[in-house]
Amino acid sequence: MKNFVKIGFAALLAVTCMSAKAQNKKQPDGNSVLWEVTGNGLSQPSYITGTCHIMCSKDFEIKPKVFKALEATANFVMEINYTDPLEIVALQGMFLTDKKLSDQLTAQEAKELDKILADYGTSLKDMDSSSPQALYALISMKAVPCSQTEIKSYEMELLQKALKSKKGIGGLEKVEDQLTSINKAYDLKEVVQQLKMGKEYEVLMQDMISAFKKEDVQSVYSLFKNDKFMNDKQEKAMLTDRNKNWAEKMPDMMKKKSSLFAVGGAHLMGDNGIIQLLKAKGYSVRPVADL
């Protein structure tokens, strides 16, 4: 199942961490990986945690307050429900295509892509039946500076805890929704251009991890939407539209049962971030320093 979370991280880059009576301390600078949602008719608080989908084990940490928020809530909700067999099948199919990559490129473009892929340890021949999304997955794998055996997943760690505690498990979108967002954001030639920036993605990833470990989700958001990596069209498809869709679904989930939502850290901040969208709906959303 860890492989599916790695795929989810690639999609993020393309599409890219209690008790009810506990006293919450406000995070002074408004930055935190954990946010409490109250008011607007909610009988119990829900929480949102920003995540960094995959990290090397040496960098990996989930703050105790996030585990406490999970303990205090009835449901654990991810971007995609990785426990749904139909979603896993869809996720696997997302990275295959009936139309070969080489058939979508000129001979010169195919030659150039083959040369680029050599830097990722593969070739156009090996990837020819893969989708552009599978190509994008190579970027995230290369950007993480450790072997796959050393990679840990934020969502999977929380999911295992949630399953052990018999929490309800949910998702904010379907794989089909995510694929639609990716296709709106990036065509094949745009993906090839992103592959050329492999080294810059490695630097970006390290900067994002450093900011995330400091709970500086504002910097995570700013880094993620850097126009070097994401233009206005891509930001709308990968962040804005998805955030708005999620913010429409979250109220019903929170009213039915208290929930801990785990979404990529870049989705929290900004005028069209989940935090601001929920505030606009009348909820009180505040950063949590401790639980």
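**Exercise 1. Determine which residues Leu195 touches, not counting residues up to four places away in sequence, and place Leu195 within the nonpolar core.**

Step 1. With contact taken as heavy atoms within 4.5 Å, Leu195 touches Leu113, Ile116, Leu117, Tyr120, Leu135 and Ile139, once residues up to four places away in sequence are set aside.

Step 2. A nonpolar core is a set of buried Ala, Val, Leu, Ile, Met, Phe, Trp, Tyr and Cys residues joined through side-chain atoms within 4.5 Å, where buried means under 20% relative accessible area, exposed over 50%, and partly exposed in between (1.4 Å probe, protein chains only). The largest such core has 92 residues, and Leu195 is among those that touch the most other members, together with Ile48, Phe76, Leu135, Met250 and Leu278.

Step 3. Some conventions apply throughout: the model is predicted, local features need pLDDT of at least 70, side-chain atom pairs count only at pLDDT 80 or more, and totals for chains, interfaces and linings use all residues. Residues are numbered from 1 along each chain as its sequence is written, and side-chain values use heavy atoms, with hydrogens and water left out.

**Exercise 2. Establish how the span of helix H6 (residues 132-143) agrees with its number of residues, and which residues of H6 are buried.**

Step 1. Helices (H or I, at least four residues) and strands (E, at least two) are DSSP runs, numbered from the N terminus. The expected span of a helix is 1.5 Å times one less than its number of residues; for the twelve residues of H6 this should give 16 Å, and the end C-alpha atoms are 17 Å apart, which agrees.

Step 2. Buried residues in H6 are Pro132, Gln133, Ala134, Leu135, Tyr136, Ala137, Leu138, Ile139, Ser140 and Ala143. Because ten of its twelve residues are buried, H6 is largely enclosed by the rest of the structure.

**Exercise 3. Locate the disulfide and state which parts of the chain the pair ties together.**

Step 1. A disulfide is a pair of cysteine sulfur atoms within 2.5 Å, and a search of the whole structure finds one. The bond joins Cys56 to Cys146, with an S to S distance of 2.2 Å, and the link is left-handed, with -105 degrees about the S-S bond.

Step 2. Cys56 lies in strand S3 (residues 54-56) and Cys146 in the loop between H6 and strand S5 (151-153), so the pair ties together parts that are 90 residues apart in sequence.

Step 3. Cys56 counts as buried at 3% relative accessibility, and Cys146 is buried with a relative accessible area of 19%.

**Exercise 4. For the salt bridges of Lys65, Glu190 and Lys281, give the partner and the burial of each residue.**

Step 1. A salt bridge is a side-chain nitrogen of Lys or Arg within 4 Å of a carboxyl oxygen of Asp or Glu, and the structure holds 13 of them.

Step 2. Lys65 forms a salt bridge with Glu215, their closest N and O atoms being 2.7 Å apart. This pair links distant parts of the chain, with Lys65 in helix H2 (residues 64-72) and Glu215 in the loop between helix H10 (198-213) and helix H11 (217-224), 150 residues apart. Both Lys65 and Glu215 are buried.

Step 3. Glu190 pairs with Lys233, the closest N and O atoms being 3.0 Å apart. Here too distant parts of the chain are linked, since Glu190 is in helix H9 (residues 188-195) and Lys233 in helix H12 (residues 232-256), 43 residues apart. Glu190 counts as partly exposed at 21% relative accessibility, and Lys233 is partly exposed at 40%.

Step 4. Lys281 forms a salt bridge with Glu248, with 2.6 Å between the closest N and O atoms. The pair links distant parts of the chain: Lys281 is in the loop between helix H13 (274-280) and strand S8 (284-287), and Glu248 is in helix H12, 33 residues apart. Lys281 is partly exposed, with a relative accessible area of 31%, whereas Glu248 counts as exposed at 53%.

**Exercise 5. Assess the confidence of the chain and find which element has the lowest mean pLDDT.**

Step 1. pLDDT is the predictor's confidence in each residue, from 0 to 100; the mean for the chain is 85, and 90% of its residues reach 70 or more.

Step 2. Helix H1 (residues 2-14) has the lowest mean pLDDT among the elements, 42, and strand S4 (residues 75-78) the highest, 98. Over residues 1-28 the pLDDT is below 50, and this stretch has 99 contacts in the model beyond near neighbours in sequence.
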